[in-house]
Amino acid sequence: MPEKPRVARLASRALIAVGGDDWRSFLQGLLTQDVESIQPGEARFGALLTPQGRLLYDLFIVGREDGCWLDCAAAGRGALIQRLTIYRLRAKVTIAADETPVLAAWGAAPAENGWIADPRLPALGWRGYGAAAAAEATEADYDRHRLALGVPGPADWGEDSSYPLEADFDLLHAIDFKKGCFVGQETTSRMKRRGAIKSRMLPIVFDGPAPAPGGEILAGTLRAGAVLSGLDGRAMALVRLDRIEGAALTVDGRACTVERPAWTQSS
């Protein structure tokens, strides 16, 4: 029997429909990702940053015939719509909530049409918007799959607390450094240009339940990082790159190890 894809409804995600004559130029000046060249049926990962360059909202920009969807955190959709409306000024742009469900599939490729490859990492699978496939897995299953690949999520970077390069957005194809201006570009480009990335979000492995968020990771007596989100045996952490190489690390008095997934090896 051929392997079946695992499909989950992502209740934590929601859509914003953006359209109008100026939708491309409007988003192009705001988001970290190139919007001008996106095509219908294509998805790109990006973000809206603060003017100081910190992460506000992660976004999948999904090309449509008459505009795009912004696939964003459901809890922040109202605030994001409000912020986009403030930026709109006189641009000919429509911005509205859309209740089409967001799904994820991983493992085998879905047989149905309408699925789009996840632009962050091929192993993450596909995203579906109103796809007909039955959801037999849970969002927790999907988060477990994402965590196994070492990919951070919104619970790790928070809002206005992390820089996108710390959250691996450059390695997950979320920043187009050649596209021109976007909100927060100056800080982001300077960090990239100077190689001033002292910390990154990477998975840690340990025995037992996940430490509480914020738990210190120690290299001897030196602070080497902090726990973000996780499950039994595995968590994401923001770690100091200069303190983890060859060091004996502990968290909550337990030994732990930092993993460097293959997709992060260019960092």
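**Exercise 1. Strand β11 and its partners**

Task: In this predicted model, find which residue of β12 A219 stands opposite. Then work out how β11 is paired on each side.

Solution.
Step 1. Start at A219. Its opposite residue in β12 is L222.
Step 2. Look at the pairing as a whole. β11 and β12 (residues 222-231) run antiparallel and are joined by four bridges.
Step 3. Check the connection. The two strands form a hairpin, with two residues between them. In the turn, G220 has a positive phi of about 70°.
Step 4. Turn to β14 (residues 249-251). Three bridges join this strand to β11, again in an antiparallel run. Here L218 stands opposite T250.
Step 5. Sort the side chains of β11. I217 and A219 point to one face and are buried. E216 and L218 point to the other face and are not buried.

**Exercise 2. A residue in the loop before β11**

Task: Decide whether A210 is buried, partly exposed or exposed, and list its contacts.

Solution.
Step 1. Place the residue. A210 sits in the loop between β10 (199-206) and β11 (216-219).
Step 2. Apply the cut-offs. Buried means under 20% relative accessible area and exposed means over 50%. A210 has 27%, so it counts as partly exposed.
Step 3. List the contacts beyond four places in sequence. They are G230, L231, D232 and R254.
Step 4. Compare with a position in β12. The C-alpha atoms of A210 and L222 are separated by 21 Å, with the two positions twelve residues apart along the chain.

**Exercise 3. Two residues, two environments**

Task: Classify T188 and A262 by accessibility.

Solution.
Step 1. T188 belongs to helix α5 (residues 185-194). Its relative accessibility is 1%, so T188 is buried.
Step 2. Look at what surrounds T188. Outside its neighbours within four places in sequence, its contacts are L49, G53, P164, L165, I175, F177 and F182.
Step 3. A262 lies in the segment after β15 (254-258). Its relative accessible area is 69%, so A262 is exposed.
Step 4. Add a distance. A262 and I95 are 167 residues apart along the chain, and 38 Å separates their C-alpha atoms.

**Exercise 4. The five-stranded sheet**

Task: Give the strand order of the open sheet and explain why β3 and β6 each have one side without a neighbour.

Solution.
Step 1. Read off the order: β3-β4-β5-β2-β6, with antiparallel pairing.
Step 2. Find the edges. β3 (43-49) and β6 (94-98) each have a single partner strand, so one side of each has no neighbour in the sheet.
Step 3. Add the twist. It averages 30° from one strand to the next.
Step 4. Inspect one pair. Five bridges join β2 (residues 13-19) to β6, and the two run antiparallel. Within this pair, I16 has A97 as its bridge partner.
Step 5. Add the helix. α2 (residues 77-88) lies across β2, β3, β4, β5 (67-73) and β6. It runs at about 175° to β6.

**Exercise 5. The largest pocket**

Task: Describe the volume of the largest pocket and its lining.

Solution.
Step 1. State the volume: about 290 Å³.
Step 2. Go to the centre. The lining has 20 residues, and S12, R13, E139, D143 and P154 are the closest to the centre.
Step 3. Map the lining to elements. β4 (55-64), α3 (139-148) and α4 (154-157) each supply at least two residues.
Step 4. Sort by residue class. The lining divides into nine nonpolar, three polar and eight charged residues.

Note on methods:
Residues are numbered from 1 along each chain as its sequence is written. This is a predicted model: local features need pLDDT of at least 70, side-chain atom pairs count only at pLDDT 80 or more; totals for chains, interfaces and linings use all residues. Side-chain values use heavy atoms; hydrogens and water are left out. On a 1 Å grid over the protein atoms alone, a cavity is a set of points where a 1.4 Å probe fits but cannot get out, and a pocket is an open set with protein on both sides within 12 Å along at least five of seven lines; lining residues have an atom within 4 Å of a point. Grid points are joined across faces, edges and corners, and a volume is the space filled by probe spheres set on the points. Ala, Val, Leu, Ile, Met, Phe, Trp, Tyr, Cys and Pro count as nonpolar, Asp, Glu, Lys and Arg as charged, and the others, Gly among them, as polar. Buried means under 20% relative accessible area, exposed over 50%, partly exposed in between (1.4 Å probe, protein chains only). Two strands pair if DSSP finds at least two bridges between them. Axes are lines fitted to C-alpha atoms, for helices over the stretch in contact, and angles run from 0 to 180 degrees between N-to-C directions. Contact means heavy atoms within 4.5 Å.
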